[in-house]
Amino acid sequence: MLDWTAAHFRDQAVLTCSFGGAAGMVLLDMVVRGDLPIAVVFLDTNLLFAETYALIEAAERRYGIHIDRHQPAISLAEQEQREGPDLYAREPDRCCAIRKVAPLAVALQPYAAWLSGIRRDQTSQRAATPLLQWNERHALLKISPLADWSEAEVWRYIHRHNVPYNPLLDQGYPSIGCAPCTKPANGDDVRGGRWNGFDKVECGIHL
Ligand code: SF4
């Protein structure tokens with residue numbers, strides 16, 4: 001699918017990678033290994049774990065690539081001034097809209113195809129994720145090449161190819177986003193530990 005994407009869209013395709021989950025690292029490795037003309041974009045909310053920022057730098061060094069970082073339109077200080085302190089603790093949907101959803105729209109603007117590492121077995125909301133789907137919101141083709149991969153397949157690829165990944169995944173964090181909204185989780189829920197205390201399992205960029 002990555003070869004197909006590169007052939008059809010050339011430099012009009014982009015991979016978004018959170019540097020939190022393992023599946024995004026698999027796609028990043030495949031893009032670099034295949035020397036594909038696919039841009040790599042990372043949404044920096046300014047609230048990520050130190051381990052995530054370190055992984056981005058390690059990936060840039062290892063793969064010799066530039067990862068395009070997109071920041072929100074307003075700083076954390078401006079957000080606090082406008083919305084009050086700790087918006088994530090009161091209105092996480094609004095915080096995600098400012099720090100993730102809006103920057104994604106800007107990041108995707110130059111592209112015609114968007115690659116993402118989301119998988120059907122992650123949550124019930126993602127269970128019907130198609131491999132290819134026209135995305136109305138961003139007016140582009142959304143491609144999820146790993147939609148039908150299992151967690152075990154992701155990790156087999158990671159270990160077989162010695163792909164770098166976020167060390168927090170080995171420390172009880174099944175899914176890693178912003179530090180204030182991510183806790184270690186008990187059980188097998190691969191999105192467990194995110195937005196504890198809220199009826200929220202998606203930041204909004206994949207809705
Ligand atoms: S995950 Fe939390 S801190 Fe990050 S943008 Fe969403 S609400 Fe804000």
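This is a guided tour of a predicted model, stop by stop.

**Whole chain**

Start with the full protein in cartoon view. Count 7 helices and 6 strands. From one end of the sequence to the other, the pattern reads α-β-α-β-α-β-α-α-α-β-β-β-α. The radius of gyration is 16 Å, close to the 17 Å that the globule rule gives for 207 residues, so the protein is as compact as a globular protein of that length. Turn the C-alpha trace along its principal axes, and the spans come out at about 45 × 35 × 35 Å.

Now colour by burial. Buried residues account for 38% of the 207 residues. Then switch on contacts with a separation of 6 or more. Of these, 71% link residues 24 or more positions apart.

**The sheet**

Select the strands. They form an open sheet of 6 strands with mixed pairing, in the order 3-2-1-4-6-5. Go to the edges next: strand 3 (68-70) and strand 5 (132-135) each pair on one side only. Look across the sheet for its twist. Neighbouring strands are turned by 30° against each other on average, direction ignored.

Zoom in on strand 1, residues 13-16. What does strand 1 pair with, and in which sense? Strand 4 (residues 113-115) pairs with strand 1 in the parallel sense, over 3 bridges. Strand 2 also runs parallel to strand 1, and 3 bridges join the two. As a general point, strands of a sheet pair through backbone hydrogen bonds, either parallel or antiparallel.

Pick out two residue pairs here. Leu-15 has Val-40, in strand 2, as its bridge partner. Ala-13 stands opposite Ala-113 in strand 4.

Stay in this region and show helix 2, residues 22-33. Helix 2 packs on the sheet and touches strand 1, strand 2 (39-43) and strand 4. The direction of helix 2 makes about 145° with that of strand 1.

Now show the side chains of strand 1. Are its faces covered or open? Both faces are covered. Ala-13 and Leu-15 lie on one side, Val-14 and Thr-16 on the other, and all are buried.

**Two loops beside strand 1**

Step to Arg-10. Arg-10 sits in the loop between helix 1 (2-9) and strand 1. Check its backbone: phi is positive, about 50°, although Arg-10 is not a glycine. Most residues other than glycine have a negative phi. Arg-10 has 13 other C-beta atoms within 10 Å, so it is partly exposed.

Move on to Phe-19, in the loop between strand 1 and helix 2. Phe-19 also has a positive phi, near 60°, in a residue other than glycine. Is Phe-19 buried or exposed? Phe-19 counts as buried, because 26 C-beta neighbours fall inside 10 Å.

**The ligand**

Select the ligand and show its surroundings. How many residues surround the ligand? The shell holds 13 residues, and the closest are Tyr-88, Cys-95, Cys-96, Cys-178 and Cys-181. Highlight helix 6 (residues 92-108) next. Helix 6 gives the largest share of the shell, 5 residues. Colour the shell by residue class to see 9 nonpolar, 2 polar and 2 charged.

**Trp-149**

Find Trp-149 in the loop between strand 6 (140-143) and helix 7. Trp-149 has 18 C-beta neighbours inside 10 Å, so it counts as partly exposed. Which residues is Trp-149 in contact with, leaving aside its neighbours within four places in sequence? They are Ala-23, Arg-119 and Val-154. Draw a distance to Phe-49: the two C-alpha atoms are 26 Å apart in space, while the residues are 100 apart in sequence.

**His-159**

Finish in helix 7, residues 151-160, and select His-159 there. His-159 counts as exposed because 10 C-beta neighbours lie inside 10 Å. Draw a last distance, C-alpha to C-alpha, from His-159 to Ala-112. The two are 32 Å apart in space and 47 residues apart in sequence.

Key. Residues numbered from 1 in each chain as written. Predicted model: local features only at pLDDT ≥ 70, side-chain atom pairs only at ≥ 80, totals over all residues. Near = placed C-beta within 6 Å. Helix = DSSP H or I, 4+ residues; strand = E, 2+ residues; numbered from the N terminus. Nonpolar A, V, L, I, M, F, W, Y, C, P; charged D, E, K, R; others polar. Pairing = 2+ DSSP bridges. Axes fitted to C-alpha atoms, helices over the stretch in contact; angles between N-to-C directions. Contact = placed C-beta atoms within 7 Å. Rg over C-alpha atoms; globule rule 2.2 N^0.38 Å. Buried ≥ 20, exposed ≤ 12 C-beta atoms within 10 Å, placed from the backbone.
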